[in-house]
Amino acid sequence: MRVDLPAYLAERRRVVDEALARFLPPAETSPPTIHEAMRYSVLAGGKRLRPILVLAGAEVAGGRLDDVLPTACAFELIHTYSLIHDDLPAMDDDDYRRGRPTSHKVFGEAIAILAGDALLTLAFRLVAETFRDGRLDPAILPRVLAEITEAAGTAGMIGGQVVDIQSEGRAVEAEVLEEIHTRKTGALIRAAIRTGALLAGAAPAPLAALTAYGERLGLAFQIVDDILDVEGSLEALGKTAGSDRRKKKATFPDLLGLEASRARASRSARGFRATT
Ligand code: GRG
């Protein structure tokens with residue numbers, strides 16, 4: 001089946017954006033500052049890749065989108081928390097994200113830290129909500145929680161961030177770079193598609209195929225993100241370009257050069273197409 005990908009992504013993004021606006025507490029909820037800060041970063045836009053992958057994973061496995069929508073949004077909240085914390089002065093110290101001044105620039109560091117914490121916490125409330133009306137088998141819940149916590153925790157995103165910080169200013173081998181990317185970016189992307197499929201009760205074989213898809217997509221995505229940091233602009237990216245080089249981050253363009261990085265990204269994507 002051929003899919004009009006841009007139209008598909010735009011439609012799914014609309015569904016996710018509308019659900020996020022509904023699931024986040026209203027800005028005036030007491031104390032308003034924290035709820036304003038949560039809404040400020042989440043509703044600033046973004047591609048909504050991770051929630052769309054949850055929906056796609058469920059769809060492929062025969063699930064209903066409405067049933068998995070709160071968990072799909074949970075992935076976006078976890079992703080946005082990681083962006084807010086990554087932008088803090090203690091980490092990447094970035095001034096722009098999603099085309100707007102970063103959370104700490106607007107609300108101050110303390111509220112930015114708490115907004116990230118609150119989004120992470122709300123994410124698990126939304127996972128619980130997914131099981132509230134009894135349409136999904138509650139036996140799946142522990143598997144879904146394990147999937148998400150492994151991807152977001154020290155085995156995944158946080159662990160990758162630590163290796164990344166510790167590698168700044170050092171020459172790293174290709175294996176270390178791949179480990180940073182697999183954990184920091186790839187783990188949540190892989191978990192998103194797997195979680196959608198798990199919620200829809202996917203059998204082991206389709207789950208394995210979707211896992212391979214998620215892994216290749218995660219790697220290709222991060223290589224392209226590295227390339228865009230070299231070639232993009234603040235207007236196009238919504239964040240300051242060239243920040244990897246300024247912070248002496250390990251990146252694929254640094255290690256392989258731009259051409260070989262492009263080839264590596266398309267090999268990762270092509271590899272997927274060839275095996276499915
Ligand atoms: C602080 C716990 C903690 C983790 C930080 C994921 C991460 C680890 C930091 C985010 C910074 C970053 C540039 C990571 C690389 C992954 C990446 C490409 C993030 C941007 O994701 P997009 O392009 O952003 O999906 P949008 O705004 O479209 O959602």
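**A ligand and the helices around it**

Okay, let's start at the ligand: one of its oxygen atoms has a polar side-chain atom of Arg-50 at 2.8 Å. Two other residues do something similar: a polar side-chain atom of His-79 is 2.8 Å from a ligand oxygen atom, and for Lys-47 the distance is 2.6 Å. Here a polar contact is a pair of N or O atoms within 3.5 Å. On its own the ligand has 700 Å² of accessible area, and the protein covers 92% of it (areas are Shrake-Rupley, with a 1.4 Å probe).

Quick housekeeping before we go on. What you see is a predicted model, where local features need pLDDT of at least 70 and side-chain atom pairs count only at pLDDT 80 or more, while totals for chains, interfaces and linings use all residues. Residues are numbered from 1 along each chain as its sequence is written, and side-chain values use heavy atoms, with hydrogens and water left out.

Back to the ligand. Which residues come nearest to it? Of the 19 around it, those are Lys-47, Arg-50, His-79, Asp-86 and Arg-98, where being around it takes a heavy atom within 4 Å. By class, that shell has six nonpolar, seven polar and six charged residues; charged covers Asp, Glu, Lys and Arg, nonpolar covers Ala, Val, Leu, Ile, Met, Phe, Trp, Tyr, Cys and Pro, and the others, including Gly, are polar.

Which helix supplies the largest share of the shell? That's α4, with six residues. Four helices each give at least two residues to the shell: α4 (65-86), α8 (157-167), α9 (174-199) and α10 (204-231). The helix names come from DSSP runs numbered from the N terminus: H or I for at least four residues makes a helix, E for at least two makes a strand.

Let's look inside two of those helices. In α8 you'll find Gln-161, which is buried at a relative accessible area of 12%. For all of this, buried means under 20% relative accessible area, exposed over 50%, and partly exposed in between, with a 1.4 Å probe and protein chains only. Gln-161 is 79 residues from Ser-82 in sequence, yet their C-alpha atoms are 9.7 Å apart in space. Over in α9 sits Leu-177, and at 1% relative accessibility Leu-177 is buried too. From Leu-177 to Asp-164 you count 13 residues in sequence and 8.3 Å between C-alpha atoms.

Now three helices with a buried side. Start with α6, residues 109-130: there are 22 residues, and the end C-alpha atoms are 32 Å apart, close to the 32 Å expected at 1.5 Å a residue. The expected span is 1.5 Å times one less than the number of residues. Its buried residues include Ala-112, Gly-116, Leu-119, Ala-123 and Val-127. The buried residues cover an arc of only 150 degrees around the axis, which puts them on the same side of α6; the arc is taken from the directions from the helix axis to the C-beta atoms. And what is exposed on the face turned away? Ala-110, Thr-121 and Arg-125.

Next is α7, residues 141-152, with 12 residues reaching 16 Å, close to the 16 Å expected. Buried here are Val-144, Glu-147, Ile-148, Ala-151 and Ala-152. Down the axis of α7 they fall within an arc of 110 degrees, so they line one face of the helix. Pro-142 and Glu-150 are exposed on the other side.

Then there's α1: its 19 residues should span 27 Å, and the end C-alpha atoms are 26 Å apart, which agrees. Tyr-8, Arg-12, Val-15, Val-16, Ala-19 and Leu-20 are the buried ones in α1. Their arc is 135 degrees seen down the axis, so again they line one face.

Last stop: the loops. Between α1 (5-23) and α2 (32-42) the loop holds Pro-31, and the peptide bond from Ser-30 to Pro-31 is cis, with omega near -5 degrees. Asp-93, in the loop between α4 and β1 (96-97), has a positive phi of about 55 degrees although it is not a glycine. Is Asp-93 buried or partly exposed? Asp-93 is partly exposed, at 43%.

Finally, Arg-98, which we met at the ligand, is in the loop between β1 and β2 (100-101). Arg-98 isn't a glycine either, and has a positive phi of about 50 degrees. Arg-98 is buried, with a relative accessible area of 17%. Thanks, that's my tour!

Terms used: Polar contact = N/O pair within 3.5 Å; in protein donor to acceptor, adjacent residues only side chain to side chain.
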